[in-house]
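Dear colleague,

Please find below the structure that I am handing over to you, followed by a summary of what was found in it. I would be grateful if you could read the notes alongside the coordinates.

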Amino acid sequence: MRILLFTGKGGVGKSTTASATAVASAASGRRTLILSTDAAHSLADAFATEIGTTPTLVADNLYVEQVDAQRLFEESWADIQRYLLSVLDAAGVDPVAAEELTVIPGAEEVLALLQLRRHVLSGDWETVIVDCAPTAETLRLLALPEALAWYMERVFPVGRKAIKAFRPLITKAVGVPMPEDNTFDAMERLHAELDEVRQLLSGPEASVRIVMTPETVVLAEARRSFTTLSLFGYRVDGVVANRIFPAIGPDEAPDSWRAGWVEAQTKVLADTEQSFAGLQLWRSDYHSGEPVGVAALADFARRLYADSDPLAVPSGPGPLQVARTETGAVLRLALPFVGRGDVDLVRHGDELVLTVGSYRRLLTLPAGLARLDVRGARVDHGALQVRFEERQS
Ligand SMILES: Nc1ncnc2c1ncn2[C@@H]1O[C@H](COP(=O)(O)OP(=O)(O)OP(=O)(O)O)[C@@H](O)[C@H]1O
Ligand SMILES: [Mg+2]
């Protein structure tokens with residue numbers, strides 16, 4: 001099964017490109033589902049039809065779903081939120097403020113991805129396409145379970161047992177209610193499910209496509225997304241440059257406004273090619289109208305992908321690899337556009353704490369590496385390499 005995510009700056013054409021790719025997938029005979037994690041009804045707009053919160057058939061083999069994040073939110077988060085509210089209440093925070101405090105920005109988006117997990121596990125689909133929110137924020141939030149892994153495995157079960165045994169006593173002593181069993185269950189379930197989503201999305205059959213328009217600020221953002229996605233272990237398989245102004249033909253009247261745009265875009269496209277060298281770069285021209293509805297989207301996909309296979313499984317290594325050496329191992333993490341001074345690396349027991357700009361990832365070391373010592377690290381050619389060696393006794 002192929003999982004494809006589309007991300008990019010606001011308004012660049014993510015929903016359109018994702019929808020067009022879904023149409024192409026279905027037309028090739030694959031049972032295809034496209035989901036939107038966006039609260040705005042963007043897929044309904046792209047397909048120009050009403051879309052339900054369960055898979056809605058819009059063409060042969062093609063189903064569209066508008067994820068009901070609110071419902072998922074209530075199912076997965078309600079127990080935890082209720083508990084947090086009771087704590088805040090005991091702490092004297094007024095209920096309206098408390099309600100706001102317990103809603104993590106982006107939480108609904110992340111929970112929407114739980115729906116992706118359900119669909120992937122159902123085995124009903126050959127292609128699942130996700131129209132994501134702008135930039136890589138949502139995918140970054142998926143690193144949360146990884147960051148909490150240590151706590152969830154070691155502290156959580158102990159805390160849970162202790163609290164179960166001494167709940168009335170602790171509650172009295174600290175003055176705030178202690179979580180009940182159902183809160184713990186909800187936390188454990190949410191943690192496990194989110195971790196599974198992250199694993200699915202960083203697996204070999206999944207990849208992310210960055211959509212952009214050929215403008216300098218948009219390219220800058222696309223480059224940053226590429227770095228962040230790699231840092232968190234997601235594989236980017238290509239870039240879609242959308243809304244390219246067609247050059248003025250020899251028979252057309254001169255038009256300085258369009259000529260100016262063509263020139264500026266040509267320059268940014270050259271920079272884009274250089275920035276993403278080695279990745280597929282698909283180009284889509286500025287259509288004369290909005291590509292809305294199945295027929296227009298099919299045409300959009302034909303012009304965008306031409307002879308290439310839009311669903312090709314990415315070849316080559318993913319962003320994170322571990323290679324054995326004679327005396328230990330080398331961990332390699334692709335960090336495009338990142339220089340030596342931009343990365344901070346600290347080892348913390350079984351984890352590497354990696355900081356790149358304002359992003360931090362707690363990378364849990366595979367068991368084989370955790371027992372080795374870090375002997376050195378360097379950044380070059382857009383990758384971080386960490387050298388591990390057997391512990392000297
Ligand atoms: N190549 C194109 N030519 C003409 N119109 C386009 C093209 N690509 C997208 N559009 C139109 O531009 C608008 C924005 O596109 P779309 O909704 O796909 O962007 P988006 O990145 O999903 O936006 P958002 O960030 O709001 O989700 C839509 O009206 C769409 O039909
Ligand atoms: Mg959209």
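**The largest pocket and the ligand site**

In this predicted model, the largest pocket has a volume of about 680 Å³. Its lining consists of 32 residues, and those nearest the centre are Phe-226, Val-236, Ala-277, Gly-278 and Leu-279. Two or more lining residues come from each of helix H9 (216–231), E7, E8 and strand E10 (328–334). By class, the lining of the largest pocket comprises 16 nonpolar, 10 polar and six charged residues. Both domain 1 (1–313) and domain 2 (320–389) take part, each supplying at least three residues to this lining.

I turn now to ligand 1. The shell around ligand 1 holds 18 residues, of which Gly-11, Lys-14, Thr-16, Asn-242 and Glu-290 come nearest. Sorted by class, this shell has four nonpolar, nine polar and five charged residues.

Three polar contacts of ligand 1 may be worth inspecting in the model:

- An oxygen atom of ligand 1 lies 2.7 Å from an N or O atom in the Lys-14 side chain.
- The side chain of Thr-16 places an N or O atom 2.5 Å from an oxygen atom of ligand 1.
- At Asp-285 the partner is a polar backbone atom, 3.0 Å from a nitrogen atom of ligand 1.

As for burial, ligand 1 taken alone exposes 630 Å², and the protein buries 79% of that area. The elements that contribute two or more residues to the shell are helix H1 (14–27), strand E7 (236–244) and strand E8 (280–285). Which element gives the most to the shell around ligand 1? That element is H1, with three residues.

Finally, the two sites may be read together. Strands E7 and E8 each give two or more residues to the shell around ligand 1, and E7 and E8 also each give two or more to the lining of the largest pocket.

With kind regards

Terms used
Residues are numbered from 1 along each chain as its sequence is written. Chains are lettered from A and ligands numbered from 1 in the order in which they are written. This is a predicted model: local features need pLDDT of at least 70, side-chain atom pairs count only at pLDDT 80 or more; totals for chains, interfaces and linings use all residues. Side-chain values use heavy atoms; hydrogens and water are left out. A residue is near a molecule or strand if one of its heavy atoms lies within 4 Å of it. A polar contact is a pair of N or O atoms within 3.5 Å; within protein, one must be able to donate a hydrogen and the other to accept it, and residues adjacent in sequence count only if both atoms are side-chain atoms. Accessible areas come from the Shrake-Rupley method with a 1.4 Å probe; for residues, only the protein chains shown count as cover. Helices (H or I, at least four residues) and strands (E, at least two) are DSSP runs, numbered from the N terminus. Ala, Val, Leu, Ile, Met, Phe, Trp, Tyr, Cys and Pro count as nonpolar, Asp, Glu, Lys and Arg as charged, and the others, Gly among them, as polar. On a 1 Å grid over the protein atoms alone, a cavity is a set of points where a 1.4 Å probe fits but cannot get out, and a pocket is an open set with protein on both sides within 12 Å along at least five of seven lines; lining residues have an atom within 4 Å of a point. Grid points are joined across faces, edges and corners, and a volume is the space filled by probe spheres set on the points. Domain bounds come from an automatic or database domain assignment.
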